[in-house]
Amino acid sequence: TDSPIQVDITYDGFPNNAYVSCVAVNPYNADKIVVSFANYGVQSIFKTIDGGLTWENISGNLEENEDGSGSGPAVFWMEYYPDGTLFAGTSTGLYTTVGSDGLFTVWELETGIGNVIINHMDYRTFDGKMVVGTHGSSSGIYG
């Protein structure tokens with residue numbers, strides 16, 4: 001809008017002393033927001049569908065253990081795709097999910113890019129391309 005206002009969307013359930021790696025807002029519905037944390041050993045991905053009033057942990061099978069401990073990947077970037085797919089750029093590659101189900105969310109590794117660090121992504125609304133920035137031996141465009 002012409003007069004944006006700052007809104008506090010913090011949540012007591014976010015991991016303590018963790019690094020916020022990304023805040024992704026759905027370009028078609030600003031009430032849908034995903035926040036990711038890049039630390040190892042913490043719950044990594046949280047989603048709201050009401051502009052930050054309530055949050056849900058959607059880390060799902062990216063975490064070895066429900067509390068975030070174990071050998072789950074660091075999550076560096078999140079992105080929305082128009083069909084509802086969520087993309088998670090991690091320390092072990094690119095993951096997607098078509099529906100979030102809290103702690104039971106199933107994230108699938110996208111095989112086309114490989115086991116590389118995903119540093120950044122951007123969905124370009126003007127041409128429908130997903131651009132993925134990697135660190136390692138691969139890079140790609142999805143869509």
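**Exercise 1. A strand pair and its sheet**

Task: In this predicted model, find strands β6 and β7 and work out in which sense they pair and over how many bridges.

Solution:
- Step 1. Locate the two strands: β6 covers residues 86-90 and β7 covers residues 93-97.
- Step 2. Follow their pairing, which is antiparallel and runs over 5 bridges.
- Step 3. Pick out one bridge as an example: alanine 88 has tyrosine 95 of β7 as its partner.
- Step 4. Now widen the view to the open sheet, where 4 strands follow the order β5-β6-β7-β8 with antiparallel pairing. Its edge strands are β5 (75-80) and β8 (108-109), each of which pairs on one side only.

**Exercise 2. Aromatic rings**

Task: Classify the geometry of the ring pair formed by tyrosine 11 and phenylalanine 14, then do the same for phenylalanine 37 and phenylalanine 46.

Solution:
- Step 1. Recall what is needed: a pair of aromatic rings is described by the distance of the centres and the angle of the planes.
- Step 2. Set the scene with the total, which is 8 aromatic pairs in the structure. In one of them, tyrosine 11 and phenylalanine 14 have ring centres 5.4 Å apart and planes at 85 degrees. Planes over 60 degrees apart count as edge-to-face, so this pair is edge-to-face.
- Step 3. Turn to phenylalanine 37 and phenylalanine 46, with 5.9 Å centre to centre and 90 degrees between the planes; this pair is edge-to-face as well.
- Step 4. Put the rings together: Tyr11, Phe14, Phe37, Phe46 and Trp55 form one aromatic cluster.

**Exercise 3. Buried or partly exposed?**

Task: Sort tyrosine 11, phenylalanine 14, phenylalanine 37 and phenylalanine 46 by accessibility class, and then place tyrosine 11 in the fold.

Solution:
- Step 1. Take the cut-off for buried, which is under 20% relative accessible area.
- Step 2. Phenylalanine 14 has 14%, so it is buried. Phenylalanine 37 has 2% and is buried, and phenylalanine 46, at 2%, is buried too.
- Step 3. Tyrosine 11 has a relative accessible area of 34% and is therefore partly exposed.
- Step 4. Look for tyrosine 11 in the segment before β1. Beyond its neighbours within four places in sequence, tyrosine 11 is in contact with Phe46 and Trp55.
- Step 5. For a sense of scale, go from tyrosine 11 to threonine 85: their C-alpha atoms are 24 Å apart, with the two positions 74 residues apart along the chain.

**Exercise 4. Around strand β1**

Task: Which residue in the segment before β1 is asparagine, and which valines form a nonpolar surface patch?

Solution:
- Step 1. The asparagine to find is asparagine 17. Its phi is near 55 degrees, a positive value in a residue other than glycine.
- Step 2. Compare this with the usual case: most residues other than glycine have a negative phi.
- Step 3. Check its accessibility: asparagine 17 is exposed, because its relative accessibility is 79%.
- Step 4. The patch consists of Val20, Val23 and Val25, which together have about 230 Å² of accessible area. Valine 23 sits in strand β1 (residues 20-25) and is partly exposed at 47%.

**Exercise 5. A salt bridge**

Task: How many salt bridges does the structure hold, and which side chains meet at 2.8 Å, N to O?

Solution:
- Step 1. The count is 1 salt bridge.
- Step 2. The partners are arginine 124 and aspartate 127.
- Step 3. Finish with accessibility: arginine 124 is partly exposed at 29%, and aspartate 127 is partly exposed at 33%.

Note on methods. Residues are numbered from 1 along each chain as its sequence is written. This is a predicted model: local features need pLDDT of at least 70, side-chain atom pairs count only at pLDDT 80 or more; totals for chains, interfaces and linings use all residues. Side-chain values use heavy atoms; hydrogens and water are left out. Rings of Phe, Tyr and Trp (its six-membered ring) pair if their centres lie within 6.5 Å; planes under 30 degrees apart count as stacked, over 60 as edge-to-face and the rest as tilted. Buried means under 20% relative accessible area, exposed over 50%, partly exposed in between (1.4 Å probe, protein chains only). Two strands pair if DSSP finds at least two bridges between them. Patches are made of residues with over 30% relative accessible area and no salt bridge: like charges are joined within 9 Å, nonpolar side chains (Val, Leu, Ile, Met, Phe, Trp, Tyr) within 5 Å. Accessible areas come from the Shrake-Rupley method with a 1.4 Å probe; for residues, only the protein chains shown count as cover. A salt bridge is a side-chain nitrogen of Lys or Arg within 4 Å of a carboxyl oxygen of Asp or Glu. Contact means heavy atoms within 4.5 Å.
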